[in-house]
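Me: Please take a close look at one part of this structure. I want the helix packing, residue by residue.

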Amino acid sequence: CFKFFAFRNSTAYIIDNFPEYKKLDAAYYGLAYCYYEQNQKDLAQSTFKKLAKNFPNSIYANEASMRIGEHYFTTNQFENAAFVFEAMLKNKDNPYHNVILYKLGWTYFSQGDFPNATKVFLSIKRDRGIGDTTTISRGLFNEAMAYVARIFSGTSGMLGLLSYFDEHPDKKDYIPILMRFLGDAYKAEEK
């Protein structure tokens, strides 16, 4: 689309010619977004990295970091993805906190690091309703619990799950939902 192309070129022009522009972070974000939408993922990645590095306090920094981590994840660079997501978790005020936990858990799961995947997935807070920015959607929460159940169904089973909760009594609230998902996992294995 011509308008997209024109926007991309104008933001690049601003970045190259007006380094003192007070909304330069927005220009970087716009340029990275355009690259991403035009399937120029490597250019998007490098622009998001510049944004996150040069403007760490920008309103766009958290999303830029999230997109950097997602890019690493989707390109099977799991160690890099874990590094980015772990760094993002150091900021407790990050509005993406639980989404980052989910993505980090998925990253560990994809690497076969089931102990860390379990630990991270079970750190995710349940959805408390509309407008609650500290939690993730019920769908992602349930998906995380399904992955934990798959971990236990493929390793130590129900006894391992119960043993895990004996060692982590602060997580016992998760037992009913995980038992349901563990049953679903066993049922799926029978098919």
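Reply: What follows covers one helix pair, then a second helix and its cover.

The model is predicted. Start with helix H8, residues 138–154, and helix H10, residues 175–190. Their axes lie 8 Å apart and meet at an angle of about 60°. Oblique is the class for angles that are neither under 35 degrees, nor 65 to 115, nor over 145. H8 is therefore oblique to H10. The crossing of H8 past H10 is right-handed.

Now the residues. H8 contributes Phe141, Asn142, Met145, Ala146, Val148, Ala149, Phe152 and Ser153. They meet Ile177, Leu178, Arg180, Phe181, Leu182, Ala185, Tyr186 and Glu189 of H10. By class, this contact holds 12 nonpolar, 2 polar and 2 charged residues. An α-helix has 3.6 residues a turn, so residues three or four places apart point the same way.

Next, helix H3. It spans residues 41–54, 14 in number. From first C-alpha to last it reaches 20 Å, close to the 20 Å expected at 1.5 Å a residue. Its buried residues are Ala44, Gln45, Thr47, Phe48, Leu51 and Ala52. Their cover includes helix H2 (24–37) and H4.

One residue of H4 deserves a look. His71 sits in this helix, which runs over residues 61–74. Its relative accessibility is 15%, so His71 counts as buried; the cut-off is under 20%. Beyond its neighbours within four places in sequence, His71 is in contact with Lys41, Asp42 and Gln45. Gln45 is also one of the buried residues of H3.

Terms used: Residues are numbered from 1 along each chain as its sequence is written. This is a predicted model: local features need pLDDT of at least 70, side-chain atom pairs count only at pLDDT 80 or more; totals for chains, interfaces and linings use all residues. Side-chain values use heavy atoms; hydrogens and water are left out. Helices (H or I, at least four residues) and strands (E, at least two) are DSSP runs, numbered from the N terminus. Buried means under 20% relative accessible area, exposed over 50%, partly exposed in between (1.4 Å probe, protein chains only). Contact means heavy atoms within 4.5 Å. Axes are lines fitted to C-alpha atoms, for helices over the stretch in contact, and angles run from 0 to 180 degrees between N-to-C directions. A crossing is left-handed if the near helix is turned anticlockwise from the far one by less than a right angle, and right-handed if clockwise. Ala, Val, Leu, Ile, Met, Phe, Trp, Tyr, Cys and Pro count as nonpolar, Asp, Glu, Lys and Arg as charged, and the others, Gly among them, as polar. The expected span of a helix is 1.5 Å times one less than its number of residues.
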